[in-house]
Amino acid sequence: MHDINELNTRFGLAEKLSFSTIGENMAMAVVSTEQCSARIALQGAQVVDWTPVGAKPVIWLSRDAKFLPGKSIRGGVPVCWPWFGAHESRKDVPAHGHARTVPWDVLSSKSLEDGRIKLTFCLQTSPATQALWPHDTPLELHISLGTTLELELITRNNDSEPVIISEALHTYFAVGDIRQVGVIGLDSSSYLDKVDEFTRKTQRGNVTFTGEVDRVYVNTESECIINDSVWQRRIHIKKEGSRSTVVWNPWIDKAAAMGDLGEAGYMAMLCVESGNALDNLVTIEPGEEHRLRVIYNIE
Ligand code: TA6
């Protein structure tokens, strides 16, 4: 359980960063500056929303999001780690790994000279993490918030053997109307189609949405752009240390079955996730680290 008074004393930044609770006593970092407003849940170190000043929200949070201990929050930037999707052999462990549903610690907070706020979170190895993932691989997440949003996830391997991970920053973006959105940057990329039994296909042109889309694009490091004709803006997604891009919209029926996506929520969001999955698993040698970095901005 996080102590809000202690968090404010140690990491609060006058009028720019404070800590409070939401839902069932879930601790949140609340950022409000001349550049942006944003919140980050300490459970999962999950960015919950991010809105540059004068813009519509860029990171989408469901109206029906629940803030419950041990449950992933619907929206924001869930950290899927140390595996993406279902575990390859175990059925008793959570989809997308445990990092998004356990409490993280705050390591530092800083007001940068350019006006951004930088927060660093860590997830140490503990008996609870080792029950799900029997490796000593502490995680750090660096988050910089301003007119851009930058996240860097660092996995260190303190074990004496190599470890293999998959991962994604499962980012939910806000859009005017999903039917009038195109994702640029994946033309000619190969993908595994999760709504067609993981059949391998090739993307032709931009990704558009007329029904459920759930695809893992592999071997692609390219920048993606969400072109939103209704809100007349483009969201740029740059990445490093990532060879997979996941594009997801559950559409009507799946959204209704989920229960926390909000009425017509599927129309207002899509996920474009930067990570490493399926063909692109990452092997980290003992004593080494792996960095996954994304930068988002709008034009
Ligand atoms: O990234 C796409 C995906 O893996 C989908 O298959 C879909 O189930 C989604 O993530 C949401 O997963 P969650 O466990 O957060 O409900």
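In the next few minutes I will go through the salt bridges, the cavity, the aromatic pairs and the cysteines of this structure, which is a predicted model.

Let me begin with charge. Side chains of opposite charge can pair when their charged atoms come close. How many salt bridges does a search of the whole structure find? The search returns 19 of them, and I will take you through three.

The one I would like you to find on the screen is formed by Arg 293 and Glu 150, whose closest N and O atoms are 2.9 Å apart. This pair links distant parts of the chain, since Arg 293 sits in strand 22, residues 289–298, while Glu 150 sits in strand 9, residues 149–156, and the two are 143 residues apart. Are these two residues buried or exposed? Arg 293 and Glu 150 are both buried.

A second example is the salt bridge in which the side chains of Asp 177 and Arg 179 meet, with 2.8 Å from N to O. Here Asp 177 has a relative accessible area of 11%, and because buried means under 20%, Asp 177 is counted as buried.

In the third example, the side chains of Glu 299 and Arg 234 meet at 3.3 Å, again N to O. Glu 299 lies in the segment after strand 22 and Arg 234 in strand 18, residues 233–240, so this salt bridge ties together parts of the chain that are 65 residues apart in sequence. As for their surroundings, Glu 299 is exposed, with a relative accessible area of 54%, whereas Arg 234, at 29% relative accessibility, counts as partly exposed. Coming back to the residues we started with, Arg 293 and Glu 150 belong to one network with Asp 114, Arg 116 and Glu 240, joined by salt bridges that share partners.

Now to empty space inside the model. Rolling a probe the size of a water molecule over the atoms shows where empty space is left. The structure holds one cavity of 30 Å³ or more, and the largest cavity contains about 60 Å³ of space. Which residues line the largest cavity? If you would like to select them, they are Trp 81, His 98, Leu 123, Gln 124, Thr 125, Thr 129, Trp 133, His 135 and Thr 137. Sorted by character, this lining divides into three nonpolar residues, six polar ones and no charged ones.

Please keep Trp 133 in view, as it leads us to the aromatic rings. A pair of aromatic rings is described by the distance of the centres and the angle of the planes. The count for this model comes to seven aromatic pairs. One of them is formed by Trp 83 and Trp 133, a tilted pair with 6.4 Å from centre to centre and 50° between the planes. Trp 83 lies in the loop between strand 5 (79–80) and strand 6 (105–111), and Trp 133 in the loop between helix 2 (127–132) and strand 8 (139–145), so the pair ties together parts that are 50 residues apart in sequence. Trp 83 counts as buried at 5% relative accessibility, and Trp 133 counts as buried at 8%.

Another aromatic pair, Tyr 172 with Trp 248, is edge-to-face, with its centres 6.1 Å apart and an angle of 80° between the planes. This pair, too, links distant parts of the chain, with Tyr 172 in strand 12, residues 172–174, and Trp 248 in strand 19, residues 244–249, 76 residues apart. Tyr 172 and Trp 248 are both buried, and together with Trp 60 they form one aromatic cluster.

My last topic is the cysteines. A disulfide is a covalent bond between the sulfur atoms of two cysteines. How many disulfides does a search of the whole structure find? The result is zero. Cys 122 is in no disulfide, and the nearest cysteine sulfur, which belongs to Cys 80, is 19 Å away; Cys 122 counts as buried, at 5% relative accessibility. Cys 224 is likewise in no disulfide, with the sulfur of Cys 271 as the nearest cysteine sulfur, 13 Å away, and Cys 224 counts as buried at 2% relative accessibility.

How values were computed: Residues numbered from 1 in each chain as written. Predicted model: local features only at pLDDT ≥ 70, side-chain atom pairs only at ≥ 80, totals over all residues. Heavy atoms only, no water. Salt bridge = Lys/Arg side-chain N within 4 Å of Asp/Glu carboxyl O. Helix = DSSP H or I, 4+ residues; strand = E, 2+ residues; numbered from the N terminus. Buried < 20%, exposed > 50% of the residue type's maximum accessible area, 1.4 Å probe, protein only. 1 Å grid on protein atoms, 1.4 Å probe; cavity = no way out; pocket = protein on both sides within 12 Å on 5 of 7 lines; lining within 4 Å. Points joined across faces, edges and corners; volume = space filled by probe spheres on them. Nonpolar A, V, L, I, M, F, W, Y, C, P; charged D, E, K, R; others polar. Phe/Tyr/Trp six-rings, centres within 6.5 Å; stacked < 30°, edge-to-face > 60°. Disulfide = S-S within 2.5 Å.
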